[in-house]
Amino acid sequence: MTRYESLLDACGNTPLVGLPRLSPVVPEGAPPVRLWAKLEDRNPTGSVKDRAALFMVRAAEAAGRLRPGDTILEPTSGNTGISLAMVAKLRGYRLVCVMPENVSTERVQLLRMYGAEIIFSPAAGGSNQAVATAKQIAAEHPDWVMLFQYGNEANARAHYETTGPELLRDLPTITHFVGGLGTTGTLMGTGRYLREKVEGIEIVAAEPRYGELVYGLRNIDEGYVPELYDASVLSRRFSVGTRDAVLRTRQLVEVEGIFVGFSTGAVLHAALAVAHEAVKAGRRADVAFIVADGGWKYLSTGAYGGTLAEAEDALEGQLWA
Amino acid sequence: MAIEVRIPTILRNFTGGAKAVEGSGESLADLLSDLDAKYSGLRGRLVTPEGGLHRFVNVYVNDEDVRFLGALDAKLSDGDTVTILPAVAGGAFGFAAAAAMLGNRL
């Protein structure tokens, strides 16, 4: 059934597609090693974040935290803002996003088009300034509701209740699940579900390693681990640099015709690593990974063309995932 | 045994500004002791008084998180690359601002 009563009902149930050209070649007679991409860019606003946004809003409604006409406040310039803006519009809420003023114009245009209001935080001053701005807004508007995706259990639950079951339904022989690590919601929810159902499954995290500017903390104690993160859900965790992420992003569109954002390139890099290990060990493997979004929003970075070194320069200092 | 160790910006005050240094050791614990002899105080920023890795420090051996390879007992080999990074969640702006707002409410 592909008919839905509204756009919100069309969230999830994304296709899982095989990658016959990118999957490693195994020696004759050896068990197959196959890669599968779950196309989360086929969600209503084009990213995996639609699932979390919908679940977080519904959970807040059920808990009585959100009532019709309320204002949702979320500090994000990324996909979560776009997803929340769509959900807020259809469920009758106002959305205010706080973001640094140096965010790309596509992001601002997209958010405004979906109906979000934007409060800019001065780019100068970095995260300290962002914190100061955020504190000020929260103090001035104590009635605004913040869903806080890094600590909201409904974010992980969206994947426990939807992404995980969909994967198992479509790929009962799954041996590895690979996802990107940001809020950790996708990996925690999907990982918990699959661990309960599939003996020996490996849950693999791919974490983007940004240019140095992004790690501009004053000291280690300013670091942050999302409240949702539980290391026991993961089997392994890879750090993937900008160059490898760009290389794999380009390879995916060149070889398999799938046009994705750079975070997916990082995820594919880790998926290929575990797939090649399985080939070496002579083990069967069905490696499913998450395509978090398409590449459209990142075209203006210029990192889809030119040499890898040029692409790396273009993404230096940017949060590309 | 030479192991390349990549140092994040915020810890380069211990390495005289060097982005990468060399060390040796058969495990991560050995390597950090070796480094601390040359760059005094570095180990103390990475390992807690209780002897575990600092919560906001991530260490990778050849791009894989050591917490899944035995943590301080992770085995090292000649030619390995060890990368030290502070823990920051994706969307560094988002979490900092969101965490601050949430803290403001409590």
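These are my notebook entries on the overall build of chain A, its domains and two of its helix pairs.

**Entry 1: the whole chain**

I started with the reminder that this is a predicted model. I then looked up the secondary structure, and chain A comes to nine helices and nine strands. Next I checked the radius of gyration, which is 20 Å. The globule rule also gives 20 Å for 321 residues, so chain A is as compact as a globular protein of that length. For the outer dimensions, I noted that the C-alpha atoms fill a box of roughly 65 × 45 × 40 Å along the principal axes.

**Entry 2: domains**

How is chain A divided into domains? The assignment gives domain 1 as 7-42 + 162-312, and domain 2 as 67-140. I looked up the spacing too: the C-alpha centres of the two domains lie 27 Å apart. Six residues from domain 1 and six residues from domain 2 make the contact. On the domain 1 side, I wrote down two nonpolar, two polar and two charged residues.

**Entry 3: helix 5 and helix 6**

Before looking at pairs, I reminded myself that two packed helices are described by the angle between their axes and the distance between the axes.

My first pair was helix 5 (residues 153-170) and helix 6 (residues 185-197) of chain A. Their axes are 7 Å apart, and the packing angle is about 50°. The two helices are therefore oblique to each other. I also looked up the handedness, and the crossing is right-handed.

Which residues meet here? From helix 5 I picked out several, including A:H159, A:Y160, A:L167 and A:L168. Helix 6 brings, among others, A:M188, A:Y193, A:L194 and A:K197. Sorted by class, the residues of this contact are nine nonpolar, eight polar and three charged.

**Entry 4: helix 7 and helix 8**

Then I moved on to helix 7 (residues 242-256) and helix 8 (residues 262-281) of chain A. Their axes come within 7 Å and cross at roughly 95°. Are they roughly parallel or roughly perpendicular? That crossing angle makes helix 7 roughly perpendicular to helix 8.

For the contact, I listed A:D244, A:A245, A:V246, A:R248, A:T249 and A:L252 on helix 7. Across from them, helix 8 supplies A:F262, A:T264, A:G265, A:A266, A:L268 and A:H269. My tally by class reads six nonpolar, four polar and two charged.

**Entry 5: recap**

I set my two pairs down together: helix 5 and helix 6 are oblique to each other, while helix 7 is roughly perpendicular to helix 8.

Methods:
Residues numbered from 1 in each chain as written. Chains lettered and ligands numbered in written order. Predicted model: local features only at pLDDT ≥ 70, side-chain atom pairs only at ≥ 80, totals over all residues. Axes fitted to C-alpha atoms, helices over the stretch in contact; angles between N-to-C directions. Helix = DSSP H or I, 4+ residues; strand = E, 2+ residues; numbered from the N terminus. Parallel < 35°, antiparallel > 145°, perpendicular 65-115°, else oblique. Left-handed = near helix turned anticlockwise from the far one by under 90°. Contact = placed C-beta atoms within 7 Å. Nonpolar A, V, L, I, M, F, W, Y, C, P; charged D, E, K, R; others polar. Domains from an automatic or database assignment. Rg over C-alpha atoms; globule rule 2.2 N^0.38 Å.
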